[in-house]
Amino acid sequence: MIPVGLSTAAVWPQPAGAAFEAAAELGYDGVEVMVWADPVSQDVGALRRLSERTGVPVLAVHAPCLLISQRVWSPDPVERLRRSVRAAADLGARTVVLHPPFLWQRRYAEGFADLVAEEEDASGVAIAVENMFPVRRALGRGRSVQVTAFRPSIDPTDVGHRNYTLDLSHASAAHVDAMELAKRMGDNLTHVHLADGSGLPKDEHLVPGRGTQPCVELLGRLRRTGFTGQVVLEVNTRRAKTPAERVEMLAESLLFARLHL
């Protein structure tokens, strides 16, 4: 069976521990730890204790590469990646999720592909580079233009890596055909962020089935092609009015994934 995990980002603004508790209660196969401002997400020892107490394994570690986490662990993106790989190895996680370099990270970008390959060789951990999306820049008078913040692009297949993460919400925001992207990633697709989007130019992370993305088709493709990676629900529950409503959203997401896998 393809393991189905829960991202700790899916319970934000609650801390990482709430994701472990929810995953245990609902029957997820594990969690993906988003490393960011939450102190627990940065503490390998605390994460290990959470995993042991709840019986929920860590499937993946999402490196701190968001704009809000540029100084988590280190201001140096190379050191942040290496710390993420060490954390994954220490926690028994098989995957690190990583974004492409930002435009201003010129030196990091120049050696990015080689660095990723070297860290994979040294650790045995898969570093799955994720597809991203452009942002809109206002030009005034109601006009705007889409620009990329990533080097060389939002599509990691433009460079070529051993392992990829396909994020459906990012594909929606970028107006990219997720099924075509999956084909380009081919057998190197090793990690999926399952969420939905309506095509708005922003990262929505809707519960799967509530948007327009080919969530059912992608999960069917994974099943048919013998996918050996992981599917992680990275949905946005910030607007849940009560804890019970958040749990319902996470339960619906898991049921969707199980049904179509």
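A contact here means heavy atoms within 4.5 Å. Keep that in mind as we walk through this predicted model.

**Start with the whole chain.** Among the contacts with a separation of 6 or more, 73% join residues that sit 24 or more positions apart. Show the cartoon next, and you can trace nine helices and 10 strands. Turn the C-alpha trace along its principal axes, and the spans come to about 45 × 40 × 40 Å. With 261 residues, a compact globule would have a radius of gyration near 18 Å, and the chain's 17 Å agrees with that.

**Now switch on the surface.** The accessible surface is about 11800 Å², and carbon and sulfur atoms own 51% of that area. Underneath, 56% of the 261 residues count as buried. Colour by charge if you like: the 29 positive and 31 negative charges have mean positions 6 Å apart.

**Next, select the aromatic rings.** The structure holds three aromatic pairs. Pick F102 and W104: their ring centres are 4.6 Å apart and their planes meet at 10°, so this pair is stacked. Which of the two is buried, and which exposed? F102 is buried, at 6% relative accessible area, while W104 is exposed, at 54%.

**Move on to Y108 and F112.** This pair is edge-to-face, with 5.4 Å from centre to centre and 80° between the planes. Y108 counts as buried at 10% relative accessibility, and F112 is buried too, at 4%.

**Finish by adding F150 to your selection.** Together with F102 and W104, F150 belongs to a cluster linked by ring pairs.

Technical notes
Residues are numbered from 1 along each chain as its sequence is written. This is a predicted model: local features need pLDDT of at least 70, side-chain atom pairs count only at pLDDT 80 or more; totals for chains, interfaces and linings use all residues. Side-chain values use heavy atoms; hydrogens and water are left out. Helices (H or I, at least four residues) and strands (E, at least two) are DSSP runs, numbered from the N terminus. The radius of gyration is taken over C-alpha atoms; the globule rule is 2.2 Å times the number of residues to the power 0.38. Buried means under 20% relative accessible area, exposed over 50%, partly exposed in between (1.4 Å probe, protein chains only). Accessible areas come from the Shrake-Rupley method with a 1.4 Å probe; for residues, only the protein chains shown count as cover. Lys and Arg count as positive and Asp and Glu as negative; His and the chain ends are not counted. The place of a charge is taken as NZ of Lys, CZ of Arg, CG of Asp or CD of Glu. Rings of Phe, Tyr and Trp (its six-membered ring) pair if their centres lie within 6.5 Å; planes under 30 degrees apart count as stacked, over 60 as edge-to-face and the rest as tilted.
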